[in-house]
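Good morning, and thank you for the time on today's agenda. I should like to introduce a structure that is new to this group.

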Amino acid sequence: MRRRPACPVRTHRAASPWLLLLPGLAVIAAFSLYPFLSTVHKAFTDARTLTPGEWVGLENFRAMLEDEQFWVALRNSGLYVVLVVPFTVLLPLLLALLVHKQLPGVTFFRSAFYTPVVASVVVVSLIWVWMLDDRGLVNGALHVLGAGPVGFLGDEWLLLLSAMALTVWKGLGYYMVIYLAALGSVPRELHEAAAVDGAGAVRRFVSVTVPAVRSTMVLVGALSSVAAFKVFSEVYLMAGPTGGPAGQDTTLVMLVQRTGTGLSGRVGYASAISLVVFVIALLLMLIVLRADRKEDS
């Protein structure tokens with residue numbers, strides 16, 4: 001009696017998932033993994049735009065320690081995290097609480113708060129530049145009130161704070177949606193029980209809402225920390241390619257772009273800065289997650 005041939009589907013059942021994943025894995029390897037490994041390698045070379053360079057070991061990192069512009073960029077990126085993250089964690093939560101209730105017209109306000117998220121960062125940044133210009137809307141309103149013009153775009157600290165305000169404003173709607181999903185899973189009975197015990201709105205927020213969405217707050221904190229540390233578009237479009245007055249508003253990612261581009265770009269040095277940005281961003285996420293685990297324990 002002849003044996004039936006093995007079914008091809010059964011024979012290749014173990015390989016089928018990998019065949020389905022192969023296109024995606026190929027894209028990740030080509031556009032994520034290979035560029036990352038190439039950047040790590042070039043960080044230890046003196047590569048330039050038109051030359052592959054030679055191995056120099058830690059020379060780029062030694063030069064980084066002596067580069068005053070690097071420390072300015074590191075300061076600005078660090079300040080961005082310290083000043084932006086608390087607002088992007090707390091303000092979207094308060095905003096979500098406002099639009100969480102089923103009130104007349106709440107859908108309009110949800111859409112209005114989310115509009116800056118879908119808007120192009122270039123368009124939004126240019127609108128803010130026009131508003132904060134010496135002859136812009138804000139200074140025009142100040143002139144009507146009898147106050148002198150404020151150099152939002154001419155002072156290094158005001159320019160940096162303006163870019164931070166833009167980052168917070170543009171991210172409010174995105175993080176608000178994340179909080180709305182978390183608030184939907186908070187049992188209403190907890191708020192009703194707290195209200196019966198005499199807890200006011202603030203007390204219910206601190207004792208019920210915050211503990212219920214704490215894991216979401218950790219997620220928002222991690223995402224916003226990395227995004228704030230890697231900020232580029234907002235500062236670049238408001239401060240210009242030079243990074244504001246005397247380059248004092250340059251961030252680390254702006255420094256990478258400025259150093260590594262052009263016909264004479266120092267690709268090796270820019271790769272070393274990129275590697276530092278990656279390590280610090282990874283440490284920020286690990287710190288936030290570690291703090292959350294300590295709270296759980």
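I shall go through the core, the aromatic residues, the charged pairs and finally the surface. Please keep in mind throughout that this is a predicted model.

Let me begin with the interior. The largest nonpolar core has 57 residues, and the members that touch the most others are Met64, Tyr80 and Ile273. Which elements build this core? Two or more residues each come from α3, which spans 59–65, α4, which spans 68–100, α6, α8, α11 at 214–229, α12, α13 and α14. Among these contributors, α8 provides the largest share, with 14 residues. As general background, nonpolar side chains in soluble globular proteins tend to be buried together.

I turn now to the aromatic residues. The structure contains seven aromatic pairs. One of them joins Trp128 and Trp169, whose ring centres are 5.8 Å apart with 50° between the planes, a tilted arrangement. Trp128 belongs to helix α6, residues 121–132, and Trp169 to helix α8, residues 156–183, so this pair ties together parts of the chain that are 41 residues apart in sequence. Are these two residues buried or exposed? Trp128 is buried, because its relative accessible area of 16% is under the 20% limit. Trp169, at 35%, is partly exposed.

A second pair has another geometry. The ring centres of Phe232 and Tyr236 are 5.0 Å apart and their planes meet at 20°, so this pair is stacked. Phe232 is partly exposed, with a relative accessibility of 23%, and Tyr236 is also partly exposed, at 25%.

Two further aromatic features deserve a mention. Phe44, Trp55 and Phe61 together form one aromatic cluster. In addition, the ring of Tyr269 has the charged end of Arg266 sitting over it, 4.3 Å from the ring centre.

That brings me to the charged pairs. Side chains of opposite charge can pair when their charged atoms come close. How many salt bridges does this model hold? The count is two.

In one salt bridge, Arg62 pairs with Glu59, and their closest N and O atoms are 3.4 Å apart. Both residues lie in helix α3, and because they are three residues apart there, about one helical turn separates them. Each is partly exposed: Arg62 has a relative accessibility of 47%, and Glu59 has 43%.

The other salt bridge links Arg75 and Glu156, with an N to O distance of 3.9 Å. Here Arg75 sits in helix α4 and Glu156 in helix α8, so the pair ties together parts that are 81 residues apart in sequence. Arg75 is partly exposed, at 31%, and so is Glu156, at 23%. Helix α8 has thus appeared in three settings: it gives the core its largest share, it carries Trp169, and it carries Glu156.

Let us move to the surface. A nonpolar patch is formed there by Leu33, Phe36, Leu37, Phe278, Val279, Leu282, Leu283, Leu286 and Ile287, and together these residues have about 810 Å² of accessible area. Which elements supply at least two residues of the patch? They are α2, at 16–42, and α14, at 267–296. The largest share, six residues, comes from α14. One member, Leu283, is found in that helix and is partly exposed, with a relative accessibility of 46%.

Helix α2 also holds Ile28, which is partly exposed at 49%. Although Ile28 and Phe278 are 250 residues apart along the chain, their C-alpha atoms are separated by 18 Å.

My last point concerns the backbone. Most residues other than glycine have a negative phi. Ala246 is not a glycine, yet its phi is positive, at about 55°. Where is this residue found? Ala246 is in the loop between α12, residues 233–239, and α13, residues 252–260. Its relative accessibility is 70%, so Ala246 counts as exposed.

To close, I would leave you with two places to look at in the model. One is the 57-residue nonpolar core, with α8 as its leading contributor. The other is the nonpolar surface patch, to which α2 and α14 each supply at least two residues. Thank you for your attention.

Key:
Residues numbered from 1 in each chain as written. Predicted model: local features only at pLDDT ≥ 70, side-chain atom pairs only at ≥ 80, totals over all residues. Heavy atoms only, no water. Patch = residues over 30% accessible without salt bridge, like charges linked within 9 Å, V, L, I, M, F, W, Y side chains within 5 Å. Areas by Shrake-Rupley, 256 points an atom, 1.4 Å probe, with all protein chains shown as cover. Salt bridge = Lys/Arg side-chain N within 4 Å of Asp/Glu carboxyl O. Helix = DSSP H or I, 4+ residues; strand = E, 2+ residues; numbered from the N terminus. Buried < 20%, exposed > 50% of the residue type's maximum accessible area, 1.4 Å probe, protein only. Phe/Tyr/Trp six-rings, centres within 6.5 Å; stacked < 30°, edge-to-face > 60°. Lys NZ or Arg CZ within 6 Å of the ring centre and 35° of its normal. Core = buried A, V, L, I, M, F, W, Y, C linked by side-chain atoms within 4.5 Å.
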